[in-house]
Amino acid sequence: MSNITLTIIKPDAVKDGHTGAILDQIIKAGFKVKAMKLKHLSAAEAGKFYEVHKERPFYNDLVKYMSSGPVVPAVLEKDDAVASFRTLIGATNPANADEGTIRKNFGKSLESNAIHGSDSNENALIEAGFFFAGTEIY
Ligand code: CMP
């Protein structure tokens with residue numbers, strides 16, 4: 001698999017009913033959905049997903065937040081998917097995100113920033129494998 005990225009629509013955005021609007025923006029930007037589900041992560045699962053941030057001061061709060069309600073992970077495909085998707089979602093902190101980006105439109109704070117996007121091709125594959133079996137990616 002190449003040209004893929006892994007996204008997660010985060011708990012607040014799902015709870016607030018923004019899943020459809022966010023997916024619409026993603027699809028209109030030219031991404032193809034290769035896999036998608038609703039999933040309520042346990043704290044252990046959220047901790048494992050964000051293991052690279054284990055030493056960061058925000059790690060415990062991040063794990064608590066990401067396991068606070070169902071999320072919508074999805075595998076997305078497009079040329080140059082990782083970089084293209086990071087442009088579409090905007091800066092990590094919604095306050096610094098460009099107008100029209102998903103985090104500007106739907107993010108509330110640095111923690112509740114609506115959506116995740118992989119930061120490299122290597123991590124996209126690892127993160128896709130975290131949520132989906134090969135047979136669930138179409
Ligand atoms: P995400 O792209 O999912 O990757 C790690 C997440 O940690 C990030 O989005 C933010 O929502 C969250 N986070 C919370 N505090 C910070 C911080 N100080 N710096 C970076 N990320 C943070």
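Reader: How does one decide whether Asp80 is buried or exposed?

Author: The general idea is a scale of relative accessible area: buried means under 20%, exposed means over 50%, and partly exposed lies in between, with a 1.4 Å probe and only the protein chains considered. Asp80 has a relative accessible area of 53%, so Asp80 is exposed. Please keep in mind that this is a predicted model, in which local features need pLDDT of at least 70 and side-chain atom pairs count only at pLDDT 80 or more, while totals for chains, interfaces and linings use all residues. Residues are numbered from 1 along each chain as its sequence is written, and side-chain values use heavy atoms, with hydrogens and water left out.

Reader: Where along the chain is Asp80 found?

Author: Helices (H or I, at least four residues) and strands (E, at least two) are DSSP runs, numbered from the N terminus. Asp80 is found in the loop between β3 and α5, the latter spanning residues 81-89. Its backbone has a positive phi of about 55 degrees, although Asp80 is not a glycine.

Reader: What phi does Ala114 have, and is Ala114 buried or exposed?

Author: Ala114, which is not a glycine, also has a positive phi, of about 75 degrees. Its relative accessibility is 2%, and therefore Ala114 counts as buried. The residue is found in the loop between α6 (102-106) and β4 (115-117).

Reader: Which loop holds Asn113, and is Asn113 buried or exposed?

Author: Asn113 is found in the loop between α6 and β4. Asn113 counts as buried because its relative accessibility is 2%. The C-alpha atoms of Asn113 and Ala43 are separated by 19 Å, with their positions 70 residues apart along the chain. Asn113 is also one of the residues that surround the ligand.

Reader: Which residues surround the ligand?

Author: In general, a residue is near a molecule if one of its heavy atoms lies within 4 Å of it, and the same holds for a strand. Here the ligand is surrounded by Lys10, Tyr50, His53, Phe58, Leu62, Thr92, Arg103, Leu110, Glu111, Asn113 and His116.

Reader: How do the residues of this shell divide?

Author: Ala, Val, Leu, Ile, Met, Phe, Trp, Tyr, Cys and Pro count as nonpolar, Asp, Glu, Lys and Arg as charged, and the others, Gly among them, as polar. The shell around the ligand has four nonpolar, four polar and three charged residues.

Reader: What distance separates an oxygen atom of the ligand from a polar side-chain atom of Lys10?

Author: A polar contact is a pair of N or O atoms within 3.5 Å; within protein, one must be able to donate a hydrogen and the other to accept it, and residues adjacent in sequence count only if both atoms are side-chain atoms. For Lys10, the polar side-chain atom is 2.7 Å from a ligand oxygen. A polar side-chain atom of Tyr50 lies 2.6 Å from an oxygen atom of the ligand, whereas Leu110 offers a polar backbone atom, 2.7 Å from a ligand oxygen.

Reader: How much of the ligand's area does the protein bury?

Author: Accessible areas come from the Shrake-Rupley method with a 1.4 Å probe; for residues, only the protein chains shown count as cover. The ligand exposes 460 Å² when taken alone, and the protein buries 77% of that.

Reader: What partner does the side chain of Thr7 have?

Author: A polar atom of the Thr7 side chain lies 2.7 Å from the backbone oxygen of His116. Thr7 is found in strand β1 (residues 4-9), and its relative accessible area of 2% is why Thr7 is buried.

Reader: In which strand does Pro73 lie, and is Pro73 buried or exposed?

Author: Pro73 lies in strand β3 (residues 72-77). With a relative accessible area of 0%, Pro73 is buried. Its C-alpha is 9.4 Å from that of Ile115, although the two are 42 residues apart in sequence.
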